Structures are given as structure tokens and as C-alpha cells.
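The paragraphs below follow a set of charged side chains through the fold and ask how they are connected. Please keep the sequence and the model at hand while reading.

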Amino acid sequence: MLRPAWNRVYVACSLDGFMAGPDNDLTWLPGSQGETGESKPEPPHGADQGGLGFDAFIADVGALLMGRQTYDVVAGFGGAWPYGDLPVLVATRGDLNPVHPTVRAVAGDIGVLVDRAREAARGKDVYLDGGTVIRQALDAGLVDDLVVTMVPIVLGAGIPLFAGATQRHALQFVGHHGFEGGLVQLHARPAAGSSTTP
């Protein structure tokens with residue numbers, strides 16, 4: 001039986017909980033090309049080795065919902081647009097100059113934003129990206145699945161992944177996998193019977 005479409009998170013994180021360093025620094029991520037900013041750091045591959053590679057994850061995704069800051073970072077990488085023809089909804093109240101025809105601005109509370117992303121996804125999963133979007137979706141009980149790849153580095157400062165959530169969220173691990181280079185991927189979902197609704 002096919003499962004219903006999910007709202008999903010797929011993100012890398014430092015050991016101390018940051019998804020980016022100060023000034024959106026991503027040079028610490030595997031696949032980064034130092035200070036050039038010309039290459040989007042690649043998530044772990046290896047679904048065939050027991051982990052959930054990005055290609056396997058994105059195959060189930062019908063649309064992305066990301067925060068403005070995350071979009072600005074991704075748009076600044078240069079090179080080919082990393083999301084192909086997938087609709088990309090950017091949560092922003094400001095002007096947006098899309099770098100790709102599939103990108104559009106959306107505004108509203110997180111419930112409205114997720115609803116619009118689900119419409120754009122046409123029955124497939126929604127990929128939630130960006131610290132603020134992820135935290136707001138968690139607080140609203142709108143995250144079904146999380147894949148967090150821990151990178152063995154302590155940044156000390158930066159843009160937090162979960163810090164700033166307004167409440168406690170009980171999760172259960174449904175899988176984990178180690179990758180070369182010391183990366184550890186954690187796969188979690190809301191704990192059965194838990195309520196994250198304020």
C-alpha cells in the first residue's frame with residue numbers, strides 16, 4: 001500500500017546543531033570546494049549502502065518549500081540549478097528575482113505555506129528546507145519525516161537547525177547509517193501518539 005505524501009526534512013548539521021556557519025558558511029560540508037562558493041555541498045550518497053542518499057530522497061519529492069535566506073544561499077552557488085524542474089516555493093515577504101522558472105515567492109503563516117507546497121507537489125512529498133521553515137513546521141505539527149546527516153565538526157556559532165523551536169518535540173529514530181568520513185545519518189519521525197500542536 002502506498003503511503004500518503006509527507007512533509008520531509010533532509011539536511012546536514014554540525015555536531016553542535018548548526019546547519020550553516022556564520023555568514024552562511026558551508027565550506028565545512030563534504031563536497032564543498034573551499035571558499036569559492038561555486039559548488040553546492042553534496043548530501044551523502046549511498047542509499048544502496050543502507051543510508052538514504054539525496055537522489056533517493058528527492059525522487060519522492062514533488063515540491064520544495066524553503067526560507068528566503070536558504071534560497072539566497074542556494075541561488076548564489078552558481079552552476080546548474082540543483083532542483084531541476086521541481087517547483088520551488090520561497091517563503092518571503094520581500095521582492096524575489098527568481099533564478100529559475102520553477103521558483104516563486106509565497107507568503108503567509110506556515111500552515112498556508114505548507115498547503116501551497118502540497119498543492120504544487122501534486123500528491124508527492126514536500127521538501128522543507130531552511131532553519132526557520134523547519135522549526136515553524138515542527139512547531140505546527142507539520143513535519144512527518146526527518147533525515148539529518150551529522151557532520152563531525154563543532155562550529156561554535158552559526159545558523160541553528162532546531163534551536164529556536166518554541167516547544168519540545170518527541171521523535172523516534174527509525175534508522176541510522178554511518179558514511180565514510182565519519183558522517184552519521186539519523187532518520188527520525190514524530191513519536192507515535194506525540195502531539196506537537198501548541
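In this predicted model, a salt bridge joins Asp-145 to Arg-8, with 3.0 Å between the closest N and O atoms. The contact brings together distant parts of the chain, since Asp-145 belongs to strand β7 (residues 145-151) and Arg-8 to strand β1, 137 residues apart. Both Asp-145 and Arg-8 are buried.

Arg-8 also meets the side chain of Asp-125 in a salt bridge, at 3.2 Å from N to O. Here again distant parts of the chain are linked, with Asp-125 in strand β6 (residues 125-129) and Arg-8 in strand β1, 117 residues apart. Asp-125, like Arg-8, is buried.

A further salt bridge pairs the side chains of Arg-8 and Asp-60, with an N to O distance of 4.0 Å. Because Arg-8 lies in strand β1 (residues 7-14) while Asp-60 sits in the loop between α1 (54-58) and β3 (61-67), this pair ties together parts that are 52 residues apart in sequence. Are the two partners buried or partly exposed? Arg-8 has a relative accessibility of 5% and therefore counts as buried, being under the 20% cut-off, whereas Asp-60, at 37%, counts as partly exposed.

How do these contacts fit into the whole structure, and how many salt bridges does a search of it find? The search finds five, among them the pairs of Arg-8 with Asp-145, with Asp-125 and with Asp-60. Through shared partners, salt bridges join Arg-8, Asp-60, Asp-125, Asp-145 and Arg-189 into one network.

Key. Residues numbered from 1 in each chain as written. Predicted model: local features only at pLDDT ≥ 70, side-chain atom pairs only at ≥ 80, totals over all residues. Heavy atoms only, no water. Helix = DSSP H or I, 4+ residues; strand = E, 2+ residues; numbered from the N terminus. Buried < 20%, exposed > 50% of the residue type's maximum accessible area, 1.4 Å probe, protein only.
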